[in-house]
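The exercises below concern the sheets, helix packing, ring pairs and internal spaces of one protein model. Please work through each task before reading its solution.

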Amino acid sequence: MEVICCKTYDEMSREAARAVAQVLNAKPDAVLGMATGSTPLGLYQELVRMHKKEGLDFSQVTTFNLDEYVGLPTTHDQSYHYFMHENFFKHVNIPLQNIHIPSGTTSNYHAFCEWFEKRIVDAGGIDAQILGIGSDGHIAFNEPGSSLSSRTRLKTLAKQTIDDNARFFSSREQVPIYAITMGVGTILEARKILLLANGKKKADAVAQAVEGPVTSMITASALQLHPDSTVFVDDDAAGKLKMREYFDWVQKNKPGAPKV
Ligand code: GLP
């Protein structure tokens with residue numbers, strides 16, 4: 001696991017965007033795994049800027065989103081469909097037919113989840129998966145206790161997640177209690193993983209994910225098993241990392257490190 005500690009949210013967003021751009025420069029038809037939530041907003045803004053000002057091209061890109069609330073129509077302003085189109089897709093040039101977001105309104109969730117997994121495989125697998133982290137340590141909607149080999153499926157949200165996400169809805173009662181989510185096993189199959197976290201509220205979850213034991217109680221800790229995962233944090237989210245000094249040392253000495 002590589003841990004990149006940044007001074008600010010903006011710096012974290014720019015560093016992560018640079019990593020995504022590197023993937024696209026090496027493979028213009030890359031398959032990207034997309035995340036929602038407030039955390040990746042700055043990353044998306046930076047990618048949009050790179051697209052508009054520096055010609056970063058998404059015309060051959062395919063995307064798969066991590067998750068969606070069950071029961072919200074795609075037009076609902078808190079649906080992840082709406083979020084992705086408003087904050088990213090409508091500002092770049094990804095062909096609409098290349099965009100995949102789990103359906104929160106299908107009449108057959110089991111069949112849909114199987115189809116979604118198959119689409120990922122048919123697209124050649126995910127090259128780079130963007131992730132946020134819940135304050136309970138979840139990735140996507142893989143709540144504590146989720147199997148570390150889970151696949152795309154229906155999930156009941158934890159109370160903590162409903163509380164955290166209530167700020168986006170007019171009342172707590174409006175927050176859906178079910179979601180469809182890629183599994184931890186699905187996520188671990190991505191070739192590269194980029195997890196972003198900012199703010200003091202994420203400091204405990206980040207420390208447990210990076211330095212704690214691998215456990216289904218903190219599903220982000222499964223990333224320790226991945227051969228190419230990078231964690232981008234701002235100062236606040238890095239606040240409880242015991243190895244902070246070492247992580248900074250590694251980054252400082254990177255330019256002179258022997259090439260692998
Ligand atoms: C939701 C999403 C996660 C996201 C998390 C954190 O639970 N399913 O993918 O990482 O929220 O959201 P935020 O970035 O707003 O803190």
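Five exercises follow, each with a worked solution.

The model is predicted: local features need pLDDT of at least 70, side-chain atom pairs count only at pLDDT 80 or more, and totals for chains, interfaces and linings use all residues. Residues are numbered from 1 along each chain as its sequence is written, and side-chain values use heavy atoms, with hydrogens and water left out.

**Exercise 1. The parallel sheet**

Determine the strand order of the open sheet of seven strands, and identify its edges.

Step 1. Strands are DSSP runs of E with at least two residues, helices are runs of H or I with at least four, and both are numbered from the N terminus. Two strands pair if DSSP finds at least two bridges between them.

Step 2. With parallel pairing, the order reads β1-β10-β9-β6-β2-β3-β5. β1 and β5 (99–100) each have a single partner strand, so one side of each lacks a neighbour in the sheet.

Step 3. Within this sheet, β6 (residues 128–131) pairs with β9 in the parallel sense over four bridges. Ala 128 has Lys 192 of β9 opposite it.

Step 4. Helix α1 packs on the sheet and touches β1, β2 (31–34), β6, β9 and β10. Here contact means heavy atoms within 4.5 Å. The direction of α1 makes about 155 degrees with that of β10; axes are lines fitted to C-alpha atoms, for helices over the stretch in contact, and angles run from 0 to 180 degrees between N-to-C directions.

**Exercise 2. The antiparallel sheet**

Describe the open sheet of three strands, its edges and its twist.

Step 1. The order is β4-β8-β7, and the pairing is antiparallel. Both β4 and β7 (153–156) are edge strands, pairing on one side only.

Step 2. From one strand to the next, the twist averages 30 degrees.

Step 3. Four bridges join β7 to β8 (residues 178–181) in the antiparallel sense. Arg 153 has Thr 181 in β8 as its bridge partner.

**Exercise 3. Helix packing and ring geometry**

Characterise the packing of α2 with α3, then classify the ring pair of Phe 58 and Phe 88.

Step 1. The axes of α2 and α3 lie 10 Å apart, at an angle of about 40 degrees. Leu 41, Tyr 44 and Val 48 of α2 meet Phe 83, Met 84 and Asn 87 of α3.

Step 2. By class, this contact has five nonpolar residues, one polar and no charged. Ala, Val, Leu, Ile, Met, Phe, Trp, Tyr, Cys and Pro count as nonpolar, Asp, Glu, Lys and Arg as charged, and the others, Gly among them, as polar.

Step 3. There are 11 aromatic pairs in the structure. Rings of Phe, Tyr and Trp (its six-membered ring) pair if their centres lie within 6.5 Å; planes under 30 degrees apart count as stacked, over 60 as edge-to-face and the rest as tilted.

Step 4. For Phe 58 and Phe 88, the ring centres are 5.6 Å apart and the planes stand at 85 degrees, so the pair is edge-to-face. Phe 58 lies in the loop between α2 (41–54) and β3 (62–65), and Phe 88 in the loop between α3 and β5; the pair thus links distant parts of the chain, 30 residues apart.

**Exercise 4. The pockets**

Give the volume and lining of the largest pocket and of the second largest pocket.

Step 1. On a 1 Å grid over the protein atoms alone, a pocket is an open set of points with protein on both sides within 12 Å along at least five of seven lines, whereas a cavity is a set where a 1.4 Å probe fits but cannot get out; lining residues have an atom within 4 Å of a point. Points are joined across faces, edges and corners, and a volume is the space filled by probe spheres set on them.

Step 2. The largest pocket holds about 640 Å³. Its lining has 32 residues, with Thr 36, Gly 37, Ser 38, Asn 165 and Arg 167 nearest the centre. The classes are 11 nonpolar, 14 polar and seven charged.

Step 3. The second largest pocket holds about 290 Å³. Of its 14 lining residues, Glu 2, Ile 4, Ala 19, Gln 22 and Lys 254 lie nearest its centre. Helix α1 gives the most to this lining, with five residues.

**Exercise 5. The cavity**

Which residues line the largest cavity, and to which classes do they belong?

Step 1. The volume of the largest cavity is about 30 Å³.

Step 2. Its lining consists of Met 1, Ile 133, Leu 195, Val 206, Ala 209, Val 210, Ala 220, Leu 223 and Val 231. Helix α7 (residues 203–211) gives the most, with three residues.

Step 3. The lining has nine nonpolar residues, no polar and no charged.
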